[in-house]
Amino acid sequence: MKIRSKKYSAVKGKYKALKRQVKSEEGIEYDLIKNGNSTLVEKHKLNMCRLSYVSKFVSDLLDVVFGRDMLANSSMKGIKGASKPPLPGNKLNDVMSYTCEKFSVDGGTVRATV
């Protein structure tokens, strides 16, 4: 039996409301926010990223920028033997710099999280 907190329920309700809003706005262009130098992210997806910890935010932001398929089949620098290509450097640098600015942490912390 799982015990769920009120905070979890509130976040889940907010997520479901945003998801319904996205479905109802099909065909309408979304507001895009520039994340770093060259990466554009939809505003509603960026708002759904968790801000409680740096690691959770980075995980959510990577999912928004790259997508789960690319993250599953890539690595940060590329693995030669496993034939995993590296993630695109410019987008990865944008994610890292945006996170450093948002949380006032150094690049090593964000790199370790990625």
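Biologist: What percentage of the 114 residues in the chain do buried residues make up?

Modeller: Before the number, keep in mind that this is a predicted model. Buried residues account for 23% of the 114 residues in the chain.

Biologist: Okay. How many helices and strands does the chain have, and how do the elements run from the N terminus?

Modeller: There are six helices and two strands. Reading from the N terminus, the order is α-β-β-α-α-α-α-α. As for contacts, take those between residues at least 6 apart in sequence: 41% of them join residues at least 24 apart.

Biologist: Let's pick a helix. How far apart are the end C-alpha atoms of helix H5, and what span should its residues give?

Modeller: The idea is to count 1.5 Å a residue and compare. H5 covers residues 89-103, which is 15 residues, so it should span 21 Å, and its end C-alpha atoms are indeed 21 Å apart. You can do the same with H3: its 13 residues reach 18 Å from first C-alpha to last, close to the 18 Å expected.

Biologist: And what comes just after each helix?

Modeller: Look at the backbone phi there. Ser104 follows H5 with a positive phi, near 55°. Gly67, just after H3, also has a positive phi, of about 90°.

Biologist: Which residues of H3 are buried?

Modeller: First, the general idea: an α-helix has 3.6 residues a turn, so residues three or four places apart point the same way. In H3 the buried ones are Val54, Phe57, Val58, Asp60, Leu61, Leu62, Val65 and Phe66. Their cover includes S1, S2, H2, H4, H5 and H6. For H5, the buried set is Leu92, Asp94, Val95, Met96, Tyr98, Thr99 and Cys100, and among the elements covering them are strand S1 (32-35), helix H3 (54-66) and helix H6 (107-113).

Biologist: At what angle do H3 and H5 pack, and how far apart are their axes?

Modeller: The angle is about 145°, with the axes 11 Å apart. The crossing of H3 past H5 is right-handed. On the H3 side, the residues that meet H5 include Phe57, Leu61 and Val65; on the H5 side, those meeting H3 include Leu92, Val95 and Thr99. Sorted by type, the residues of this contact are 11 nonpolar, one polar and two charged.

Biologist: Which residues in the largest nonpolar core touch the most other members?

Modeller: In soluble globular proteins, nonpolar side chains tend to be buried together. Here the largest core has 17 residues, and Leu46, Leu61, Leu62, Val65, Phe66 and Leu92 touch the most other members. H3 gives the largest share of this core, seven residues. As for Phe66, beyond its neighbours within four places in sequence, its contacts are Leu71, Leu87, Pro88, Lys91 and Leu92.

Biologist: Thr99 caught my eye. Is Thr99 buried or exposed?

Modeller: Check the relative accessibility. Thr99 is at 0%, so it counts as buried. Leaving out residues up to four places away in sequence, Thr99 touches Val54, Phe57, Val58, Leu61, Ser104, Val105 and Val110. Thr109 sits 10 residues from Thr99 in sequence, and their C-alpha atoms are 10.0 Å apart.

Biologist: Where is Ser75 placed, and why does Ser75 count as buried?

Modeller: Ser75 lies in the loop between helix H4 (68-72) and H5. The cut-off for buried is under 20% relative accessible area, and Ser75 has 16%, so it is buried. Setting aside residues up to four places away in sequence, Ser75 touches Lys84, Pro85, Pro86 and Leu87.

Notes: Residues numbered from 1 in each chain as written. Predicted model: local features only at pLDDT ≥ 70, side-chain atom pairs only at ≥ 80, totals over all residues. Heavy atoms only, no water. Helix = DSSP H or I, 4+ residues; strand = E, 2+ residues; numbered from the N terminus. Expected span 1.5 Å × (residues − 1). Buried < 20%, exposed > 50% of the residue type's maximum accessible area, 1.4 Å probe, protein only. Contact = heavy atoms within 4.5 Å. Axes fitted to C-alpha atoms, helices over the stretch in contact; angles between N-to-C directions. Left-handed = near helix turned anticlockwise from the far one by under 90°. Nonpolar A, V, L, I, M, F, W, Y, C, P; charged D, E, K, R; others polar. Core = buried A, V, L, I, M, F, W, Y, C linked by side-chain atoms within 4.5 Å.
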